[in-house]
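Visitor: Please walk me through this one. Which feature should I look at first?

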Amino acid sequence: MTAPLLEISGIEAGYGNGPSILEDAGLTVENEKIHCIIGPNGAGKSTLLKSICGMLKIRKGEVVFKGKRLNGMRPDQIIALGIAFVPQERALFPKMTVRENLRMGGYRMRDKNELERRVGEVMERFPILGEREKQHAGNLSGGQQQTLAMARTLISKPEIVMLDEPSLGLAPKIVSEMFSIVKMMAEGGITVLLVEQNARIGLQYADRGAVLDLGRTIFEGPAAEILEDPRIKRLYLGGGKAERKPL
Amino acid sequence: MTDILQVLILGIALGGVYALMGSGLSLVFGVMRIVNLAHPILIIGGAYVAYWAFRLWGADPLATLPLAALILSATGILLYKLVFEKDAKSAKYSEMTVLLTFSVAMIAEGALGSAFTNTQRVTSPDYATDAIFIGDLFIPTGQVYAGAVSLAIIAALALFLKFSRFGYAIRATTQNREAAELMGVNVNFVGVVSFAIGVGLAGAAGSLISFVFSFFPGKHWEWIAVLMSLVVLGGMGSVLGTVVAAFALSVIAAFVGAWIGSTWSTMTFFLALFVILLVRPQGLFGERPELA
């Protein structure tokens, strides 16, 4: 069995000096698969992704990526290892053009020609971005902004892309477009770690899933298994009205 | 008509210098969220570098401009490391920097005052007292030189910000610090370098004002309101906005000075600051501040 790409074990993390949001969160992310983390609001899903990429300080436990411990590293150092993250708010530069935003996706690349080639490639793959290359990112629609944010991660050819609620605030038609981008990433050999409030859709596209509640990982396994588990269905997939207590 | 053109030319020439003075302040606010009330005293620090180089070695302030910029940049790095770096992640950072930079301004004023006294100084290269005559129009050579050099420096800064890799990092950090980090930008390093550039611009501006205005350490109080009005009208953090505001207010101040009286000329900036904050607090190119 090959070593996992990303291994998170027993981490505790929170914002500033506030209480810990994650109490004992763990996750094993295997190579070239789509992983989906589900859980109710406030479970710590976004906190987990932010902790992985160094935006929050890990108080306990560890995050290991390709055998390298990430604890204590700065976000820019973690990104340089091949991790990309699209947060909920999409992290675009509103007063930069679409092309400039894409260039920022390859900020760490030294070869300018190669960067331009990849920007061109991405604009070809996502024609809507090519059509709007001179437009400021702040003037794009929600769906276009999300496309830009996700497409931008491809510039640096990361090994893993973490997406926090890619469907948030988008119309159903656009949501399926976003998930086809997720699928395309995975087919291209990129591992995707997804946090999704829309649990059913997220799990349908995922190979593996994890359930997070009250800052703890309470289940991890094949996505299909989670979709069929009656207790998870009842508690987290809107299958019943049971009082919510973690499993 | 000639009168109007004359005033307009004088306003534009000075506008370039104001633009350079304000652009460093704007850059530092944009990237670092530091409201640098010490910027004017640092400009005066640059003016003293030019003054002493002129007085001791007869060096032209235009020639010693890079030296002033370099010395002030180094001062900026030191200042950042000693004063600002520690609390850079605090949620109340901007508010804290108002008090911190106010203290720095007071200390620097005291230090410069005790070293060089509060006597008015000015460098006097030949061109400072020359003038160019075009028909009936009179253009002070010193102001033209200062304005032209200022614009050249601002143009170089704009090209650097627009096209260089590090310029992208600065612009990205200004617009969305967290997103810049996620693109692999070391935002702390960008912050230090931007602060050094901003203070270096103050040094360069100091060299230029050394032959355009007389200066002394206490003069920075007057400059604070002038520079704040430029930065606020332009939109906090927008270098382009600051440049546009500098030319607009400088021209208005020149007309006020010519038609109402020179004492009212400076008042234009103070009044503008007050009115902008009341009517359009986000300025020309800034985003509307959240009031809640």
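Guide: Start at Leu214(A), in the loop between β9 (208-213) and β10 (216-222) of chain A. Helices (H or I, at least four residues) and strands (E, at least two) are DSSP runs, numbered from the N terminus. Residues are numbered from 1 along each chain as written, chains are lettered from A, and ligands are numbered from 1 in written order. This is a predicted model, with local features needing pLDDT of at least 70, side-chain atom pairs pLDDT 80 or more, totals for chains, interfaces and linings using all residues, and side-chain values using heavy atoms without hydrogens or water.

Visitor: What is the sign of phi at Leu214(A)?

Guide: Most residues other than glycine have a negative phi. Leu214(A) goes the other way: its phi is positive, near 50°. Arg90(A) also has a positive phi, near 75°. Arg90(A) is in the loop between β6 (83-86) and α3 (98-105) of chain A.

Visitor: Is Arg90(A) buried or exposed?

Guide: Buried is under 20% relative accessible area, exposed is over 50%, and partly exposed is in between (1.4 Å probe, protein chains only). Arg90(A), at 13%, is buried. Leu214(A), at 48%, is partly exposed. Chain B has a positive phi too: Thr117(B), just after α4(B), takes about 65°.

Visitor: How many residues does helix α4 of chain B have, and what should they span?

Guide: The expected span is 1.5 Å times one less than the number of residues. Helix α4 (residues 93-116) has 24 residues and should span 34 Å; its end C-alpha atoms are 33 Å apart, which agrees. Helix α8 (residues 187-209) of chain B has 23 residues, reaches 32 Å and is expected to reach 33 Å.

Visitor: Which residues of α4(B) are buried?

Guide: An α-helix has 3.6 residues a turn, so residues three or four places apart point the same way. In α4(B) the buried residues include Tyr93(B), Thr97(B), Thr101(B), Val104(B), Glu109(B) and Leu112(B). The buried residues of α4(B) pack against α1, α2 (39-57), α3 (65-84) and α9 (220-234) of chain B. In α8(B), 19 of the 23 residues are buried, so this helix is largely enclosed by the rest of the structure.

Visitor: Which residues touch the most other members of the largest nonpolar core?

Guide: In soluble globular proteins, nonpolar side chains tend to be buried together. A nonpolar core is a set of buried Ala, Val, Leu, Ile, Met, Phe, Trp, Tyr and Cys residues joined through side-chain atoms within 4.5 Å. The largest core here has 120 residues, and Leu48(A), Leu193(A) and Tyr18(B) touch the most other members. Helix α1 (residues 2-32) of chain B gives the largest share of this core, 12 residues. Apart from it lies another core of 48 residues, among them Cys36(A), Leu92(A), Met109(A) and Phe219(A).

Visitor: What is Tyr18(B) in contact with, beyond four places in sequence?

Guide: Contact means heavy atoms within 4.5 Å. The partners of Tyr18(B) are Phe213(B), Trp223(B), Val226(B), Leu230(B), Ala246(B), Ser250(B) and Phe269(B), leaving aside neighbours within four places. Tyr18(B) also lines the second largest pocket, and is one of the residues nearest its centre, with Leu14(B), Phe213(B), Ser265(B) and Thr266(B). α1, α9, α10 (239-259) and α11 (263-279) of chain B each give two or more residues to that lining. The pocket has a volume of about 350 Å³.

Visitor: How many cavities of 30 Å³ or more are there?

Guide: On a 1 Å grid over the protein atoms alone, a cavity is a set of points where a 1.4 Å probe fits but cannot get out; a pocket is an open set with protein on both sides within 12 Å along at least five of seven lines; lining residues have an atom within 4 Å of a point. Points join across faces, edges and corners, and volume is the space filled by probe spheres set on them. The structure holds 3 such cavities. The largest has about 80 Å³ of space. Its lining includes Ile83(A), Phe85(A), Arg152(A), Leu182(B) and Met183(B). β6(A) supplies the largest share, 3 residues.

Visitor: What lines the second largest cavity?

Guide: Its lining includes Leu27(A), His35(A), Cys36(A), Leu193(A), Arg208(A) and Glu220(A). β2 (20-29), β3 (34-38) and β9 of chain A each supply at least two residues. The volume is about 40 Å³.

Visitor: Where does Glu32(A) lie?

Guide: Glu32(A) is in the loop between β2 and β3 of chain A. Beyond four places in sequence, Glu32(A) is in contact with Gly189(A), Ile190(A) and Thr191(A). Glu32(A) and Gly215(A) are 183 residues apart in sequence and 26 Å apart in space, C-alpha to C-alpha.
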